[in-house]
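Let's take a walk through a structure together. Keep the picture open beside you and look things up as we go.

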Number of protein chains: 2
Amino acid sequence: MMRGVSLVEVAPRDGFQPVVPFIPTGEKIRIVQALYAAGLRRIEVTSFVGSAVPQLADAREVLAAALALPGLDAQVLVPNQKHTERALAAGARHVAFFLSASETHNLNNVRRTPGESVGDYAKIAAMLPQGISFRLNIATAFDCPFGGAVAPKVVLDLLAQLVALEPNVEIALCDTTGRAVPGNVAALFQAAMASFPQVPGWAFHGHDTYGMGAANAFAAWSAGVEVIDASAAGLGGCPFAPGATGNVATEDLVWMFEGMNVATGVDLPLLLEAGREVAALPGAQTGGRVREALRVTKI
Amino acid sequence: MMRGVSLVEVAPRDGFQPVVPFIPTGEKIRIVQALYAAGLRRIEVTSFVGSAVPQLADAREVLAAALALPGLDAQVLVPNQKHTERALAAGARHVAFFLSASETHNLNNVRRTPGESVGDYAKIAAMLPQGISFRLNIATAFDCPFGGAVAPKVVLDLLAQLVALEPNVEIALCDTTGRAVPGNVAALFQAAMASFPQVPGWAFHGHDTYGMGAANAFAAWSAGVEVIDASAAGLGGCPFAPGATGNVATEDLVWMFEGMNVATGVDLPLLLEAGREVAALPGAQTGGRVREALRVTKI
């Protein structure tokens, strides 16, 4: 297989977000540097969300340190125009906006209806200067913690609105609860890609709560998705999605893709070193299997 | 998707095998009955292997109880002719023979070269009366705990010998170490199915040691495999495969396939009840994610 995969490391944002107590800024930066040293070249390093997520109050400092790493695509998450301005003022070159396909989850997550968030999307797209990369995350694209399964039509209808407003964006379909299953992941991406060929790139963001993390990533990749989120040591969760545990572990996906001769650019032993730092954080809830398997088995 | 899947429950054999202390025979039988009550209609209930596996010394009693369950396909594992005779004398209607693609693992596991085991396979096939179902498990079909990756050619050459001797057998390719990855699982099944169209059925047996259990099962199913082994509560391991932890959890596969509208015939809440009994066994090493996810999240 010649096609590669681009892993987006999200431990410093999605992973750190629910951790209590506060992780010292220097420790955050050391972990970003360790992930970079392992070969990861796209990292969601923080979010500019204001007081909603106290853990990420040091977004400016972490972003500044990440921008000093040559060749690193340092992505930051933003919820609205105001915080997009803050991110840009701090030097962000890649911003990711998010909204939920599920109305209930969107109201809980950002206190906006999906329709209001669609308007925010258009405004942010319009305010971004040339050369700033833009990503759109569709949360609860498969399942909502409050309402259960989300119909593909709901997602496709929402995408139609968003793409009509601004098509030049990478779109991530996110399995926020970990309740998606691989056949459905592949089917939704196939439908979205067929419906919106003008979209330049698609990404998948998954959680391993139900053990489907690797299976869903494989299904997305098999359907043509080449950008996949993962979190070192499986760190993660969503404070607004009850029962959602960690993101799929980056090391599990590196193991899987490299085993299939799909290049990730990541050095697994160095990634495991970074993962040990992540797992040692007070309050860290970790997941994944490869760390433990390689600890007890020599290869 | 119209195609179903047939899950083969292996907790009472592969799962119980490494458990210490001895599980009382009555408890084993209760668990087989609970798995049957959950809708599982093919269960590997024990093995006839003699003194090598003290935990399964009560094979006759467990098989007898399983044979009393209407419509249950009670499969038993056998290592050679002598124990096949014992299994048949005890009433077995479905026997599974196993050998390893890796010479080192075969020598460690059954103290036979693969060539000697091929001879045993022919002898057992010849001695089975009409109406007795026969299954062939190829252990270490992807990776060996002693030698690492097993080349597909080694497996295909071994299959050529075996199929020439007796093609009327279901063949399971087994990921003994859990180190297989989904692209390779799909590729090996595709190659085997294309090379040996006379084989009436193919099965996959996987472990979740590296988090690939569900992904590999999905890949095998996507490649056309309709018989997949799993173990309730992820119980399992292999005493002769260092670092091999549990089989893929049956409840994780039921969750996955039912979520894809692929019928399993299994009632998930009843399976979780059976899994609780399995997990409560002294010495049980369990795995899988769905049990815990559904414990903390209401659906």
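Leaving aside its neighbours within four places in sequence, which residues is Asn216(A) in contact with? They are Asp175(A), Ala180(A), Val181(A), Pro182(A), Val185(A) and Phe204(A), where contact means heavy atoms within 4.5 Å. You'll find Asn216(A) in helix α9 of chain A; helices here are DSSP runs (H or I, at least four residues) and strands likewise (E, at least two), numbered from the N terminus. Asn216(A) counts as buried because its relative accessibility is 1%; with a 1.4 Å probe and protein chains only, buried means under 20% relative accessible area, exposed over 50%, and partly exposed in between.

Some ground rules before we go on. This is a predicted model, in which local features need pLDDT of at least 70 and side-chain atom pairs count only at pLDDT 80 or more, while totals for chains, interfaces and linings use all residues. Residues are numbered from 1 along each chain as its sequence is written, chains are lettered from A and ligands numbered from 1 in the order in which they are written, and side-chain values use heavy atoms, with hydrogens and water left out.

Now hop over to Thr177(A), in the loop between β8 (170–175) and α8 of chain A. Thr177(A) is buried too, because its relative accessible area is 5%. Its side chain makes a polar contact with the side chain of Asp143(A), at 2.8 Å. A polar contact is a pair of N or O atoms within 3.5 Å; within protein, one must be able to donate a hydrogen and the other to accept it, and residues adjacent in sequence count only if both atoms are side-chain atoms. A polar atom of the Thr177(A) side chain also lies 3.2 Å from the backbone nitrogen of Arg179(A). Not counting residues up to four places away in sequence, Thr177(A) touches Tyr210(A), among others.

Tyr210(A) leads us to the place where the two chains meet. Here 30 residues of chain A are in contact with 30 residues of chain B. Together the chains bury about 2500 Å², 66% of it on carbon and sulfur atoms; buried area is the accessible area (1.4 Å probe) that two parts lose on being put together, summed over both. Tyr210(A), Trp255(A) and Arg289(A) supply 26% of the area that chain A buries against chain B, more than any other three residues.

Arg289(A) has another role in this picture: it forms a salt bridge with Asp208(B), with the closest N and O atoms 3.2 Å apart. A salt bridge is a side-chain nitrogen of Lys or Arg within 4 Å of a carboxyl oxygen of Asp or Glu, and the rule finds 2 of them across this interface. On chain A, the helices α8 (182–195), α9 (213–222), α10 (250–259) and α12 (290–296) each supply at least two residues of the side that touches chain B.

How do the two copies relate? A rotation of 180 degrees with 0.0 Å of shift along its axis superposes chain A on chain B, with an RMSD of 0.0 Å; the fit is by least squares on the C-alpha atoms of residues with pLDDT of at least 70 in both. The copies are therefore related as by a two-fold rotation axis. In chain A, the C-alpha nearest that axis belongs to Ala215(A), 1.8 Å from it. The copies meet through the same surface, because 100% of the interface residues of chain A are also interface residues in chain B.
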